[in-house]
Amino acid sequence: MMRKLLPAPLLSASLVAMWLLLNESVSAGHVLLALLLGWLLPLLFAGLRPQRPRIRHPLRIVRLIFLVGRDVVVSNITVALDLLRVRQRPPHDAFVTIPLDLRDPSGLAALAIITTIVPGTVWCELARDSSAVMLHVWNLKDEAAFIADYKTRYEAPLLEIYQS
């Protein structure tokens, strides 16, 4: 019964907090409107929400977050240095198709976010059957090595988290 009235309590709380923060007010009217929106919006859009992911190894998420954070910093420095030397050594950018073992929608969404947040890579296209992804890579030196590294660093942990 409670799940039907409040299908996403964390989302509701987040909407209430965001409304109050964005309006910079905790007046009775804003609080009432925030509570109403926080209750109604998840109810109205419950059908659009994807199925809840089953996370099998939650501690692996923490390790992945630190790995991605490190990769973001290192990639920012690498891309910045490449840009400074672009006249001497133009980058060899390329499109790379990577075969995927990951099929979980939440895992694929996480992989897309990771790919896009790390400088030097952009998620371009996912095959209809989710069997491969096409990426644009800023300065590709060795395609086979890049594919192996991508699958080891990002896909393998997500497989453990979502599918194992």
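**Notebook: sheet, helices, pocket**

I began at one strand pair: W123 has L135 in β3 as its bridge partner. I note that the model is predicted.

**Strands.** I then looked up how the two strands run. Strand β2 covers residues 121-126 and strand β3 covers residues 132-137. They are antiparallel, and 5 bridges join them. Further along, I found L126 opposite V133 in β3. I checked the link between the strands as well. β2 and β3 make a hairpin, with 5 residues between them. In the turn, S130 has a positive phi of about 60 degrees.

**Sheet.** Next I asked in what order the 3 strands lie. I read the order as β1-β3-β2, in an open sheet with antiparallel pairing. The edge strands are β1 (94-99) and β2, and each of them pairs on one side only. I looked up the twist too: neighbouring strands are turned by 30 degrees against each other on average, direction ignored. As a reminder to myself, strands of a sheet pair through backbone hydrogen bonds.

**Helices on the sheet.** I wanted to know which strands helix α5 touches. Helix α5 (residues 105-117) packs on the sheet and touches β2 and β3. Its direction makes about 145 degrees with that of β2. I then turned to α6, which lies across β1, β2 and β3. α6 runs at about 55 degrees to β1.

**Helix pair.** I moved on to helix α2 (residues 9-23) and helix α3 (residues 28-44). They pack at an angle of about 145 degrees, and their axes are 8 Å apart. I logged the crossing of α2 past α3 as right-handed. On the α2 side I listed the contact residues L11, S12, L15, V16, W19, L20 and N23. On the α3 side they meet H30, V31, L33, A34, L35, L37, G38, L41 and P42. I sorted the residues of this contact by class: 12 are nonpolar, 4 are polar and none is charged.

**Pocket.** Last, I looked up the largest pocket, with a volume of about 540 Å³. Which residues are closest to its centre? I found S75, T121, V137, N139 and F146, out of 24 that line the pocket. I also asked which helix gives the most to the lining. The answer is α4, with 7 residues. α4 (58-84) and α6 (143-162) each supply at least two lining residues. I split the lining by class: 11 residues are nonpolar, 6 are polar and 7 are charged. So ends the entry on the pocket, with α6 listed both in its lining and across the sheet strands β1, β2 and β3.

Technical notes:
Residues numbered from 1 in each chain as written. Predicted model: local features only at pLDDT ≥ 70, side-chain atom pairs only at ≥ 80, totals over all residues. Heavy atoms only, no water. 1 Å grid on protein atoms, 1.4 Å probe; cavity = no way out; pocket = protein on both sides within 12 Å on 5 of 7 lines; lining within 4 Å. Points joined across faces, edges and corners; volume = space filled by probe spheres on them. Helix = DSSP H or I, 4+ residues; strand = E, 2+ residues; numbered from the N terminus. Nonpolar A, V, L, I, M, F, W, Y, C, P; charged D, E, K, R; others polar. Pairing = 2+ DSSP bridges. Axes fitted to C-alpha atoms, helices over the stretch in contact; angles between N-to-C directions. Left-handed = near helix turned anticlockwise from the far one by under 90°. Contact = heavy atoms within 4.5 Å.
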